[in-house]
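Me: I would like to go through this model with you, one local feature at a time, with the cut-offs behind each term spelled out.

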Amino acid sequence: MDNLLKKIREFMVEEKIDFLLVNSTNEFLVEYNTLAENSRYHLTGFTGSTGDALVSKDNVFLFVDGRYHIQADQEVDHNIVTVVKLQTGQSFLEEMLNKIPQDSVLGVFSRKNSQATVEKIQARVKTKLLSVDPICEDVNFKESAREVLSCGFTGKSVEEKISELNLKEDEAILVTNLEEVSYIFNMRDFSVPFSSMIKAKVIVLNDEAHLFEDQSEFEDYIKTLNKKIFVDKITINAYDYSLIKNRVQDMATSPIKKMKSCKTDAEISHYIDAFNKTDKAVLAVREYILNNDNISEYDIAQKLEEEFMKNGAKSLSFNSIVAKDQNSALAHYSKSSKNEIIGNGSLVLIDCGAYFEGGLATDITRVFVKGKPTELQKQVYTTVLKAFLRAYNTKIEPNTSGFEIDSATREFFDSNKIKGFVFNHGLGHGIGINVHEAPPNLGKSEIAKEPFKENMCFTIEPGLYNAEHFGVRLENSCYLKNGKINSFVHLPYENKLIDYSILNEQEKKWLEEFGVI
């Protein structure tokens with residue numbers, strides 16, 4: 001790390017910049033980037049999926065949200081890296097810009113930041129756009145293991161999707177977001193871990209779409225395309241945006257993003273089947289935990305993947321979280337250690353999911369205890385269960401949004417405090433081709449204020465965490481049908497972890513939908 005930091009600071013001197021923004025993502029701005037392509041990981045040693053770093057001449061600041069506060073502290077060298085712990089509602093960009101003095105120059109990698117982000121930065125500080133990242137070389141994005149889905153899985157053909165965009169002859173849409181690329185072309189690639197997305201860029205015209213696997217070929221085409229080119233500045237990187245120049249037409253929201261956020265009935269049907277298989281895999285792992293001794297987090301993770309594959313999964317949708325006791329307080333713990341042995345009284349949190357043949361990500365979280373639970377474990381589990389049942393049974397009006405449900409859940413936790421335990425992440429997120437999609441969103445962000453729509457799919461996952469004890473998160477993936485929230489997940493809850501004395505009669509009735517084991 002010392003040698004790399006020296007190299008970076010020499011690069012900063014050569015480029016005449018005072019600060020450098022180092023990102024976790026790649027040129028497609030994906031959430032789950034491989035560690036090999038993750039510049040921030042190489043610089044800081046932090047393995048979390050999100051969180052960027054800011055380098056100055058005498059410090060490295062790592063910005064992480066509430067899911068990663070503990071993990072970042074455990075993984076970084078604090079002699080080199082200062083961890084900036086963002087609280088719920090705090091903006092990474094705002095906190096980063098506050099650390100840059102006036103008249104300083106910030107270096108930004110144009111291929112690894114969206115045009116929208118770059119414009120916000122440029123409005124606040126002197127900015128130099130850099131086309132080459134010296135930490136991670138650009139990776140050619142050719143792929144070969146693609147599968148074309150039938151309309152039985154997608155509900156719409158490529159031609160139908162293009163037609164619904166209603167483009168005129170002199171208009172085109174440039175799509176570089178991999179979820180949208182995979183969606184519009186009804187293609188999946190299961191060869192890359194924790195993803196079903198194909199790697200490509202797409203130009204959609206009024207009657208056809210062109211898919212590009214090579215950056216050079218893409219640039220040659222886009223430079224000569226004599227049309228109005230619509231882009232979403234939130235999902236296109238600043239380098240690709242610069243190729244369009246005076247032909248660019250900014251979109252307030254991508255119509256493809258909106259289209260894919262409301263699943264077809266065929267996609268809902270596939271999801272119902274996929275979650276039925278997900279329930280079976282998690283149930284089998286529950287039995288494995290309760291009926292075997294001297295097993296580790298790692299053993300459970302291996303068994304979990306085995307059960308998913310036995311039930312027909314193509315791959316996992318993300319790196320499974322198997323966390324015992326204090327590790328379960330790390331919302332995105334993913335070590336699955338061979339040294340963490342499950343003992344009598346151990347609490348085990350499992351957050352997992354998979355891709356099946358339709359290429360949509362499943363996501364579920366459950367908590368188990370081997371042997372007899374403590375009163376504290378029961379109190380926390382039951383309080384989180386109450387929060388889930390209340391959120392799940394929210395009456396959905398035409399303008400109801402995830403922001404409102406998240407806020408109501410926070411109010412519930414605030415009025416039912418358990419000393420030392422905190423809820424430090426959003427209540428939920430959209431699901432689809434990526435395990436995290438938006439819209440919808442259940443949190444404190446602006447995107448969460450968008451109202452729910454029919455056939456939107458999302459998680460509800462309240463949690464409470466205490467680094468000295470444990471964490472409990474209970475997550476069901478759901479969908480909106482006929483104005484009502486419905487659960488894809490039907491795995492029952494843990495009877496021995498429920499303190500029925502703190503459930504009211506309405507909550508007990510709500511619990512009947514899922515049952516207990």
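Me: How many of the residues of strand E16 are buried?
Reply: In this predicted model, local features need pLDDT of at least 70 and side-chain atom pairs count only at pLDDT 80 or more, while totals for chains, interfaces and linings use all residues. Residues are numbered from 1 along each chain as its sequence is written, and side-chain values use heavy atoms, with hydrogens and water left out. Leu347, Leu349 and Asp351 point one way from E16 and Val348, Ile350 and Cys352 the other way, and all are buried, that is, under 20% relative accessible area with a 1.4 Å probe and protein chains only. For strand E16, residues 347–352 (strands being DSSP runs of type E with at least two residues, helices H or I runs with at least four, numbered from the N terminus), the buried count is therefore six of six.

Me: Which residue of E18 does Cys352 stand opposite?
Reply: Two strands pair if DSSP finds at least two bridges between them. E16 and strand E18, residues 364–369, pair in the antiparallel sense over six bridges, whereas strand E15, residues 321–324, pairs with E16 in the antiparallel sense over four bridges. On the E15 side Ile321 stands opposite Asp351, and in E18 the residue opposite Cys352 is Ile364.

Me: Is Asn38 buried or exposed?
Reply: Asn38 lies in the loop between strand E1 (19–22) and helix H2 (39–44). Its side chain reaches the backbone oxygen of Ser24 at 3.4 Å, and, leaving aside residues up to four places away in sequence, Asn38 touches Asn23, Ser24, Asn33, Gly48 and Cys136, where contact means heavy atoms within 4.5 Å. Because its relative accessibility is 1%, Asn38 counts as buried.

Me: Which element gives the most to the lining of the second largest cavity?
Reply: On a 1 Å grid over the protein atoms alone, a cavity is a set of points where a 1.4 Å probe fits but cannot get out, a pocket is an open set with protein on both sides within 12 Å along at least five of seven lines, and lining residues have an atom within 4 Å of a point. The second largest cavity holds about 50 Å³ of space, the volume being that filled by probe spheres set on grid points joined across faces, edges and corners. Its lining includes Ile173, Leu174, Val175 and Asp232, and the element that gives the most, with three residues, is strand E8.

Me: Which element gives the largest share of the lining of the second largest pocket?
Reply: About 250 Å³ of space lies in the second largest pocket. Of its 15 lining residues, the closest to its centre are Phe194, Glu305, Leu316, Asn319 and Ser320. Helix H13 (297–310) and strand E14 (315–316) are the elements that give two or more residues, and the largest share, five residues, comes from H13.

Terms used
Buried < 20%, exposed > 50% of the residue type's maximum accessible area, 1.4 Å probe, protein only. Polar contact = N/O pair within 3.5 Å; in protein donor to acceptor, adjacent residues only side chain to side chain.
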